Amino acid sequence: MVAGVDVEEADLQGLEDPWRSAAEALRQSSNGGRVNALRAWCDTLDEGDEIFKTILAQDPRKQPERREVFFGVPPLPKKARVAPGLGDGCGGWLDMYVAYAKEVSPLTPRLFHTGAGLWLVSLAIARRVVLRLAHKDLYPNLAVLQVADTTLYAKSTGLSITRMLVQRLMRHLLLPGAMTPESIYSELAGQQPTMLSAEDVEDWNKGRDFSGQRGVCLDEASSVFVGMKKDYNIGMNEQLCRLYDCTESDTRQTKSLGRLTVRQAYWTFLGATTPWHLKQADIDSLWHTGLWPRFLLLTPAGDPHWERPHRDRSDVPGEIVARLERLIEQDLPESQYMKPAEPISMGLGEGVFDAFSAYLEATMHTLLKAPTVVDKRLGGTYGRLAEHAMKVAMLLTVLDWNGVGAPVIGLGHWARGQRFGEQCRESAHRLTQMLAQDTSNEEEMRVLCKLQEQPGVWLSARDVYKPLKMRSTTARAVLGDLVEAGLVEERNPSAKRMEYRWVAPGEREQEIASGQGAPGFPHNARDKLQ
């Protein structure tokens, strides 16, 4: 329309706001004034400059591609922003944890280490502090999901640091990773498992005192979301929402286990996965049914970069361990089976509620009302950002608390919590882009990397797919594609067995030149290598 190209009326009828208002403004303008009309319309939007440049950069005579266009993260209104530097130094334990974790796993993004450190504190608290607001009682439990490509961001290495501290200090608060809805309720209700080894009895008995206040730590967390499509997991989405919301009492009747009641629920979650694995789940359902808005969705802020690892192993700083131990055993009230601890009520310092209200208005109303450039899928995520920021402020306050009296959230704690909330807002926008990108070659890369671990060694399909936790049919199809592409060799040592190997390109060329190419290797291997 800006360029004067004829546009079908049917195309205009299909526009939604704010684009419909732009079309009307252009329709009423003369040919020479359409650019100015577009400029004036863009000036009404927070991201107007970027939208204006994006539209003018298009070829007006090219048919529009059916793809999503992503704009930048809309800036916060000025009245909702916090002063730069406010909150620096609050929750100093978190800085110590991130520094140590970054030393052990330098490739893991700092945002991932920060989220993991906050989750550790939320797990240790186990529903024993609360902020009583007019509309709800807010507990500082967190659900954190790290999403990044495999290998490059060292997600597993970063998680191993967190898991090590949990196993050392509070493994009784950890739930098993793979659980059905029935088994989750059974565990959280304090019902003893039928099969429990002697060495696990002590931990289970200790954990029973915190039956409903438990957490999950999963390296490949997509299994939780993909599994929701299974018939036997129907209702898990809603169940996890209730547990995260810290319901006072939740009763479930099952045919096999009878009547189960989870009291004073407090569910925390820390997991990592890749975009490809997430795309195997029902993504639309996760966005719109309310589960994902309850998650801190963390993604890398930039491209991966290499940092040389340290040679010598370093022990966990004593201050990190000591603070967690005091939270678990000393500063917070004891909990007993069927008699959960009465949580300590936290207070709000001067100016904190006003700052919280301003951020809540910005993220739950101002940035979402028309005209908005926020992806509709992120509406629920935006609506919970202020709550997430307050939970982080609660955790930071507890870290700085000396155990005497009631902890009071200061303006600095809130400011740091809001800054983390803003990082999560940007991160969620990145996730929508990551999930829209083509990740179809990830399985091929995983299989190829597995073969490259042992160059020149023949491996069966089972040797490949079992350690990768991949379906055998998927692995065999991928191996066939790699063979056809000339990247992998195959041979048939027996009638019922196929084997595969990867050979470095230079060595492979030597084999081909000398006539020693492997049986089954494509005749045009030299051309494919070139």
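Here is a short walk through this predicted model, starting with how far to trust it and then heading inside.

Across the chain, the mean pLDDT comes to 86, and 91% of the residues reach 70 or more. Two stretches call for some care, though. Over residues 66-70 the pLDDT stays under 50, and the model has eight contacts beyond four places in sequence for them. Residues 517-530 also stay under 50, and there the model has 26 such contacts. Where pLDDT is low, the predicted coordinates should not be read in detail.

Now look at strand β7, which covers residues 266-273 and has eight of its eight residues buried. Tyr-266, Thr-268, Leu-270 and Ala-272 point one way, while Trp-267, Phe-269, Gly-271 and Thr-273 point the other way. What does β7 pair with? Strand β3 (residues 143-147) runs parallel to β7, joined by five bridges, and Ala-143 has Phe-269 as its bridge partner. Strand β4 (residues 213-218) is parallel to β7 too, with six bridges; here Leu-218 is partnered with Gly-271.

From β7 it's an easy step to the largest nonpolar core, which has 117 residues. Trp-267 and Phe-269 are among the residues with the most contacts inside this core, along with Tyr-97, Leu-145, Phe-225, Trp-292 and Phe-295. Helix α17 (residues 385-400) gives the most to this core, with eleven residues. Pick out Trp-292 and, leaving aside neighbours within four places in sequence, you'll find contacts with residues including Leu-145, Phe-225, Ile-283, Trp-287 and Leu-435. Apart from this core lies another one, of 17 residues, with Val-447, Val-464, Leu-468 and Ala-475 among them.

Definitions and conventions:
Residues are numbered from 1 along each chain as its sequence is written. This is a predicted model: local features need pLDDT of at least 70, side-chain atom pairs count only at pLDDT 80 or more; totals for chains, interfaces and linings use all residues. Side-chain values use heavy atoms; hydrogens and water are left out. pLDDT is the predictor's confidence in each residue, from 0 to 100. Contact means heavy atoms within 4.5 Å. Buried means under 20% relative accessible area, exposed over 50%, partly exposed in between (1.4 Å probe, protein chains only). Helices (H or I, at least four residues) and strands (E, at least two) are DSSP runs, numbered from the N terminus. Two strands pair if DSSP finds at least two bridges between them. A nonpolar core is a set of buried Ala, Val, Leu, Ile, Met, Phe, Trp, Tyr and Cys residues joined through side-chain atoms within 4.5 Å.
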